[in-house]
Amino acid sequence: MDDEIRDESVSERSEKSDTLKLALIGNLNVGKSLIFNSLTGIGVEISNFPGTTVGMYTGSLVHKDKHYEIIDFPGVYSLDGVNEEETEVRKFLLEKKADRLIAVLDSAHLERNLYLLLQVAEFQIPTVVILNMTDEAEKQGLVIDGDRLAEILGCPVLKTAAIDGMNIDRIIPLAESEAKTISAVTHYDDHVEAALRSFSKVNGSDRLSGLLALEGLLPDSDLSETAGVIAAEIEDKHRMSVHQILAANRHNEAKRIRGLIEKDGKFKPARNFDRLLTRTSTGVPIMTVILLTTLICVFIIGSFLEELIVELFETFLIQPMYALSLPPLLENVVYSLLIAVEAGLGIAFPYVFVFYILISVLEDTGYMTRAAFLADRAMHNIGMHGQALIPMVLGFGCNVPAIMAIRQFSERERIIASFLITMVPCSARTVIIAGIVFTFVGLFAALSIYLIVFILIILTGIVLTKVTPGDQFGMILEMVPMRHPRAKQTLTRAWLRMKEFLFIAMPLLLVSSVVLGILQFFGIIAAFQDLFEGFMYSALGLPDYASTSLLFGILRKEMAFETLAILSGTANLGSVMSAAQLYVFAIVSVLFVPCVSTIAVLYRQMGLKISLAVCCYTLSLGFVTGIILNALFNIF
Amino acid sequence: MEITECEDYLEAIINNSVEDVTPDSLKILADALNKDISEIEGGLKALCDEDFIRIDRDGAYPRIKLTHAGRKLGECTIKKHLVLESFFTEILGMDSHSASKEACVLEHGASPETIKRLHNYIKESGLKHRMHTRNPDGGHFSHGFSHRHGGSRDDDTGDIGRNLSEFNEDDAVKILFTDGGSRRTDRLCDMGLIPGETVTIKRKLSNGAMVVAIKSSEVGISPEIARLVYVEKV
């Protein structure tokens with residue numbers, strides 16, 4: 001019996017030691033994702049920290065017959081913050097779930113990066129320090145003494161330029177064999193040090209838990225009560241929060257270390273261009289032009305590519321499938337699957353991916369943060385701040401990753417953003433507007449739909465600002481330095497986003513498409529259609545099959561359009577429906593309940609209550625707008 | 001001996017935990033009071049005469065014991081000193097060395113009532129920037145914030161110092177303290193906006209949103225955040 005248990009534990013341990021877990025940690029915008037992608041290639045999984053919605057990428061690789069698992073933490077500025085991402089990274093490190101840390105630092109902004117590193121050091125996990133972006137530091141004339149840094153920290157330091165792939169191949173061997181816990185210790189204010197000494201004497205606790213307890217971040221430990229009292233005393237004496245005291249000490253230490261290893265450059269790049277971008281008078285027109293051009297580009301490239309994909313599917317998959325003459329139920333299921341894949345790819349690559357590439361260019365040049373800064377004022381009117389611009393813009397591609405991007409906001413802002421982002425016309429809705437209104441009614445009618453949606457978004461935002469409880473959490477956003485975009489980095493970023501779409505939105509699409517296919521097979525859809533026939537006609541002035549199309553629209557927005565074409569029996573919708581009908585149909589399906597993938601992500605991020613509220617709200621908004629428009633069309 | 005001099009002596013004795021008359025302790029007192037060692041011995045004698053201390057000459061070295069009156073006067077002076085000093089550093093933004101020197105002079109003249117009121121005042125305005133630091137959920141946070149955000153801000157900020165939003169492009173300012181909610185100030189701290197640090201305003205929009213340069217990077221902040229950062233011009 002005893003032997004058995006021992007055997008098990010041994011095998012467990014050996015399995016554990018077989019795969020070394022490496023975690024990449026660093027500030028935002030230090031090139032971490034690029035390093036991660038260079039190390040792991042395309043085979044990346046997106047998983048969540050257990051029990052949370054904070055995403056992290058994990059990938060595995062084999063180097064000299066050894067298996068490694070690599071985790072890419074979300075970018076953080078500190079480890080003692082209280083936002084979800086910082087909390088999760090801290091927990092992960094506290095539970096010692098990573099065997100080695102790869103701390104990525106931006107050589108051009110060393111001081112703030114060292115601030116995080118000093119905190120990382122306190123977790124006492126073997127670490128390799130990567131001084132990334134050496135190319136950029138060199139351009140600025142900064143000379144950094146990596147060996148001296150290694151000496152100060154007591155762990156290996158490697159200079160890299162991920163963008164050129166410089167030294168990336170040396171990271172894994174270094175992490176494997178030479179990673180050491182950082183021996184440099186930040187000395188804090190005397191009162192804090194005294195408190196730490198007394199904790200270790202009385203409770204036998206280590207330095208790290210003492211520090212965290214003083215900041216009130218270890219709520220369940222035996223230390224928390226004593227620490228709370230002492231922290232209050234320290235705060236009283238200093239009239240600063242413990243966090244501020246520690247932050248000041250760490251910043252000073254970071255400054256000291258930087259002074260020892262960096263020779264300041266003489267050359268600073270001129271920033272005239274930057275001045276234009278952040279001034280209201282010039283920046284707002286530039287922003288409008290850039291965002292509009294982006295959308296128009298996506299539209300043109302997207303519709304061209306989509307046609308190609310749809311045609312390929314029809315010719316090579318769907319027609320051959322029918323030729324097989326499968327049993328009816330199976331045929332229905334296979335058809336539903338194929339059409340889901342077709343639509344998924346038809347939207348995914350042409351629209352979403354193209355959109356993500358263009359957005360990544362904007363992000364990599366550093367333009368997005370400038371736009372966010374400029375938008376701060378306007379966003380305040382709808383209950384959010386500048387930072388929310390990025391998820392809102394992402395929403396034009398696909399609502400799913402956009403909603404995943406709101407997690408760093410406060411509860412109040414997340415609630416408001418959930419409503420507003422689901423209303424943003426995503427690629428699929430663009431397809432409806434283009435396919436129905438632009439083709440059969442006209443360009444201005446199509447643009448007027450956008451206008452109506454934007455007005456509704458703004459009105460919704462204004463109302464939500466008044467009624468949503470909680471705090472507004474203002475913008476504190478680092479302005480990413482202006483850089484020339486590099487193809488590799490841009491594609492990496494776009495591809496990582498794309499994966500969120502492929503792995504989260506696509507599976508849901510497939511499943512729900514099959515379910516709907518089966519429902520249709522058993523006549524449930526037809527029953528549904530009969531039920532709503534009267535309403536559809538009298539209130540919206542739409543034919544009965546429109547309700548089925550709308551129902552398919554829940555699945556995927558653009559399916560509303562495709563189903564309409566199938567059910568009406570002709571692709572020339574103008575011949576069976578009037579312009580007013582088409583217009584009403586388009587606007588209802590654009591506003592109507594978000595697609596099922598969005599609902600699922602909303603549910604995961606925000607819970608049942610909010611996702612239900614969003615669905616009900618958009619449902620009624622869609623119908624009410626449709627009814628009003630129908631009434632107006634009837635009058636005139 | 002003048003009462004103000006007694007107060008200085010008692011303050012120095014308590015602050016330095018002087019318990020006996022040794023060459024070392026005499027030196028400590030002499031340094032603290034900025035006097036010669038010979039003067040100190042006379043001073044201690046005078047304190048004895050005023051009945052603020054007793055000197056027992058039993059052991060190897062004479063032992064100093066504070067009488068009740070002596071301890072009370074000394075502690076009262078120390079308290080006055082601390083209150084004045086924190087007023088100077090926090091509310092007026094003076095550096096700690098000159099604040100301490102100034103407090104040394106003024107502590108003798110200030111009445112207990114003045115000190116009490118000053119103490120309450122510091123506590124109140126101090127509370128504003130220390131509140132909920134123990135409370136990551138921001139329990140009283142909304143109160144403090146909405147008060148500041150919604151109301152006219154002059155009623156409670158005008159007298160503490162000037163906040164960042166009152167300055168213009170290209171101004172360089174030193175941060176005195178940040179206010180309002182640990183979550184907000186946490187992020188500011190992590191970005192390097194800590195008391196004592198100098199930042200330059202790179203861009204300010206009409207609504208008060210601004211880009212500030214700090215530690216070789218630039219940070220964009222909303223107007224309501226800018227109003228939480230109290231600064232002085234450098």
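How many residues of chain B are in contact with chain A, and how many residues of chain A do they meet? In this predicted model, 40 residues of chain B touch 37 residues of chain A. On the chain B side, several elements pitch in with at least two residues each: helix 4 (68–91), helix 6 (112–130), helix 7 (141–150), helix 9 (182–191), strand 7 (217–221) and helix 10 (223–226). Helix 9 of chain B gives the most, with 10 residues. Sorted by class, this side of chain B is a mix of 14 nonpolar, 14 polar and 12 charged residues.

One residue of helix 9 of chain B gives a closer view of this contact. B:C189 sits in that helix. Leaving aside residues up to four places away in sequence, B:C189 touches A:H243, A:Q244 and A:A247 from chain A, plus B:I194 from chain B. Is B:C189 buried or exposed? B:C189 has 29 C-beta neighbours inside 10 Å, so it counts as buried; the cut-off for that label is 20 or more. Elsewhere in chain B, B:L106 is 83 residues from B:C189 along the chain, and the C-alpha atoms of the two are 34 Å apart.

The two chains also share a sheet. Seven strands line up in an open sheet, in the order 10(A)-7(B)-6(B)-5(B)-4(B)-8(B)-3(B), and the pairing is antiparallel. Which strands stand at the edges? Strand 10 of chain A and strand 3 (162–163) of chain B do, and each has a single partner strand, so one side of each is left without a neighbour in the sheet. Helix 15 (residues 367–381) of chain A packs on the sheet, where it touches strand 10 of chain A as well as strand 6 and strand 7 of chain B. The direction of helix 15 of chain A makes about 145° with that of strand 10 of chain A.

Walking through the sheet starts at the junction between the chains. Here strand 10 (residues 476–479) of chain A and strand 7 of chain B run antiparallel and are joined by four bridges. In this pair, A:M479 stands opposite B:E218.

Further along comes strand 5 (residues 198–204) of chain B, which is mostly covered, with five of its seven residues buried. Strand 5 of chain B is linked to strand 6 (residues 210–214) of chain B by four bridges, again antiparallel, and B:R203 faces B:V211 across that pair. These two strands form a hairpin with five residues between them, in which B:G208 takes a positive phi near 100°. Strand 5 of chain B also pairs with strand 4 (residues 172–178) of chain B, antiparallel and through three bridges; B:K174 is opposite B:T198 there. Strand 4 of chain B in turn pairs with strand 8 (residues 229–233) of chain B over five bridges, in the antiparallel sense. One of the matched pairs is B:T178 with B:V229.

Taken as a whole, chain B has 10 helices and eight strands. Of its 234 residues, 41% count as buried. Looking at contacts in chain B between residues at least 6 apart in sequence, 56% join residues at least 24 apart.

Chain A offers some helix packing to look at. The axes of helix 13 (residues 280–323) and helix 14 (residues 328–364) of chain A come within 8 Å and cross at roughly 155°. That angle is why helix 13 of chain A counts as roughly antiparallel to helix 14 of chain A. The crossing is right-handed. The residues of this contact divide into 22 nonpolar, three polar and two charged.

Another pair in chain A is helix 8 (residues 190–202) with helix 9 (residues 207–214), whose axes come within 9 Å and cross at roughly 120°. Helix 8 and helix 9 of chain A are therefore oblique to each other, and helix 8 passes helix 9 in a right-handed crossing. From helix 8 of chain A, A:V192, A:A195, A:L196, A:F199 and A:S200 meet A:R207, A:G210, A:L211 and A:L214 of helix 9. By class, that contact has six nonpolar, two polar and one charged residues.

Finally, helix 3 (residues 84–94) of chain A has buried residues A:E85, A:E86, A:E88, A:V89, A:R90, A:F92 and A:L93. Following helix 3 of chain A is A:K96, with a positive phi near 55°.

Conventions:
Residues are numbered from 1 along each chain as its sequence is written. Chains are lettered from A and ligands numbered from 1 in the order in which they are written. This is a predicted model: local features need pLDDT of at least 70, side-chain atom pairs count only at pLDDT 80 or more; totals for chains, interfaces and linings use all residues. Two residues are in contact if their C-beta atoms, placed from the backbone, lie within 7 Å. Ala, Val, Leu, Ile, Met, Phe, Trp, Tyr, Cys and Pro count as nonpolar, Asp, Glu, Lys and Arg as charged, and the others, Gly among them, as polar. Two strands pair if DSSP finds at least two bridges between them. Axes are lines fitted to C-alpha atoms, for helices over the stretch in contact, and angles run from 0 to 180 degrees between N-to-C directions. Angles under 35 degrees count as roughly parallel, over 145 as roughly antiparallel, 65 to 115 as roughly perpendicular and the rest as oblique. A crossing is left-handed if the near helix is turned anticlockwise from the far one by less than a right angle, and right-handed if clockwise. A residue is buried if 20 or more other C-beta atoms lie within 10 Å of its own, exposed if 12 or fewer, and partly exposed in between; C-beta atoms are placed from the backbone.
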